[in-house]
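Subject: Structure handover

Hello,

Below is the structure I said I would pass on, followed by notes on what was found in it. Please read the notes with the model open.

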Amino acid sequence: MRARPHHRAPQHKVVVRLGGGLGNQMFQYAAARAAALRVRSELVLDTHSGFSRDRVYERSFELEEFPIVGRSASRVERLPFLLSDASRKVRVASDPGLRRRPWGTMVLDENKSFEEDIQVAASKGSIWMQGYWQAPAYFVDQQEIIRFELMPPKPILPFFERLGEAMGSRPSLAVGIRLYEESAAPTTHMSDGQFKSASDIERAVTRMAKTLDDPTIFVFCTHKASLLSAIKWPSEPVFVIADQGYAGSVNSLWLLTQAQHHLFTNSSYYWWGAWLSGANYASGSQHIVASNNFYNRDTIINSWGKF
């Protein structure tokens, strides 16, 4: 008697829509990758729909240089995100975080706080993740894998390498200042609707420098903004900005990971530089201070300081 063929149950999958800048993409990937690992599901990356309509910022997928895993989403797998977009346009009420659909569960993160529902939804079947996911609680249980897969590669440009070596060979403090100059309404990116002023940053940097062993200060910013000149730095800083030739978000992120200590304003990009740098320094040897006006109240790690 011939045995009946064994039909495997359909494999569950975690489909994530990637979009925004590099820091956003890293949070989205990390949350989805951790969810897939947790329940042994397939990870599927939509690297198209989140960028195709981004005519304002013209962002693009930037994780191809990292050792990430996951296959590309098919057109059919991207369709639920497009249907969700259309549905939100015609609804007046706010979209719930979880919506059951015939193909699986649509999970939306609006970047307000960590929501544990994602863990439950992923364990019950396939999920489609969209939103921000800017809380480390979504992936902290898989942090070793996430750190490896999202560690930026070493730049091939010699002047990046030399500066990275200098940062790692002495007490170094990376100061990241995000100005959102590309946005029509920059202050909407802050939970309190306000930028950190030059005096706010000056006080925080001065206070931090006093607790460290005469650190060299490395200032990261998209351009040589007037705000940088208005700050009275405790010591002469090194400016690491595109105007000085340090262009490329992945290369500059690698530089950030070489710094021992970090202080930064509201920026997912600078968050990742600080968090990933933990792989290069012994636990407890770092001082990390972040702005207190991140939109998601659970973005900042409890052991970090705030200003």
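The largest cavity is lined by Ile-177, Arg-178, Leu-179, Met-190, Gln-194, Phe-195, Lys-196, Ile-201, Leu-227, Thr-265, Asn-266 and Asn-293. Please keep in mind that this is a predicted model. The volume of the largest cavity is about 60 Å³, and a search of the whole structure gives one cavity of 30 Å³ or more. Sorted by class, its lining consists of six nonpolar, four polar and two charged residues.

Confidence

Averaged over the chain, the pLDDT is 91, and 93% of the residues reach at least 70. Residues 1–10 are a stretch to treat separately: the pLDDT there is below 50, and the stretch makes zero contacts in the model beyond near neighbours in sequence.

Second largest pocket

For the second largest pocket, the computed volume is about 360 Å³. Its lining has 15 residues, of which Gly-284, Gln-286, Ile-288, Ser-303 and Trp-304 are the closest to the centre. Two elements, helix 5 (143–149) and helix 10 (268–277), give two or more residues each to that lining. The class count for the lining of this pocket is seven nonpolar, seven polar and one charged.

The parallel sheet

One open sheet has six strands in the order 9-8-7-10-11-12, with parallel pairing. Its edges are strand 9 (238–241) and strand 12 (305–306), each of which pairs on one side only. Within this sheet, three bridges link strand 10 (residues 261–264) with strand 11 (residues 288–290) in the parallel sense. Leu-263 has Val-289 of strand 11 opposite it.

Strand 7 covers residues 172–176, and Ser-172 belongs to it. Is Ser-172 buried or exposed? Its relative accessibility is 0%, so Ser-172 counts as buried. Neighbours within four places in sequence aside, the contacts of Ser-172 are Met-167, Pro-215, Thr-216, Phe-218, Gln-258, Ala-259, Gln-260, His-261 and Tyr-281. One of these contacts, Gln-258, is also among the buried residues of helix 9. Another, His-261, falls in strand 10 (residues 261–264).

Helix 9 (residues 249–258) is itself mostly covered, with nine of its ten residues buried. The buried residues are Val-250, Asn-251, Ser-252, Leu-253, Trp-254, Leu-255, Leu-256, Thr-257 and Gln-258.

The mixed sheet

A further open sheet of six strands runs in the order 3-2-1-6-5-4, and its pairing is mixed. Here the edge strands are strand 3 (71–72) and strand 4, and each pairs on one side only.

Strand 5 (residues 104–109) is mostly covered, and six of its six residues are buried. On one side, strand 5 is joined to strand 4 (residues 98–101) by four bridges, and the two run antiparallel. The connection between strand 4 and strand 5 is a hairpin through two residues. Bridge partners across this pair include Arg-100 with Thr-105, and Arg-101 stands opposite Gly-104. Strand 5 is also joined to strand 6 (residues 127–131), in this case by five bridges and with the two strands parallel. There, Leu-108 has Gln-130 of strand 6 as its bridge partner.

Which residues does Ser-84 touch, leaving out those up to four places away in sequence? They are Met-106 and Gln-130. Gln-130 is thus named twice in these notes, as a contact of Ser-84 and as the bridge partner of Leu-108. Ser-84 lies in helix 3, which spans residues 75–90. Why does Ser-84 count as buried? Its relative accessible area is 11%, and the cut-off for buried is under 20%.

Regards

Methods. Residues numbered from 1 in each chain as written. Predicted model: local features only at pLDDT ≥ 70, side-chain atom pairs only at ≥ 80, totals over all residues. Heavy atoms only, no water. 1 Å grid on protein atoms, 1.4 Å probe; cavity = no way out; pocket = protein on both sides within 12 Å on 5 of 7 lines; lining within 4 Å. Points joined across faces, edges and corners; volume = space filled by probe spheres on them. Nonpolar A, V, L, I, M, F, W, Y, C, P; charged D, E, K, R; others polar. Buried < 20%, exposed > 50% of the residue type's maximum accessible area, 1.4 Å probe, protein only. pLDDT = per-residue confidence, 0-100. Contact = heavy atoms within 4.5 Å. Pairing = 2+ DSSP bridges.
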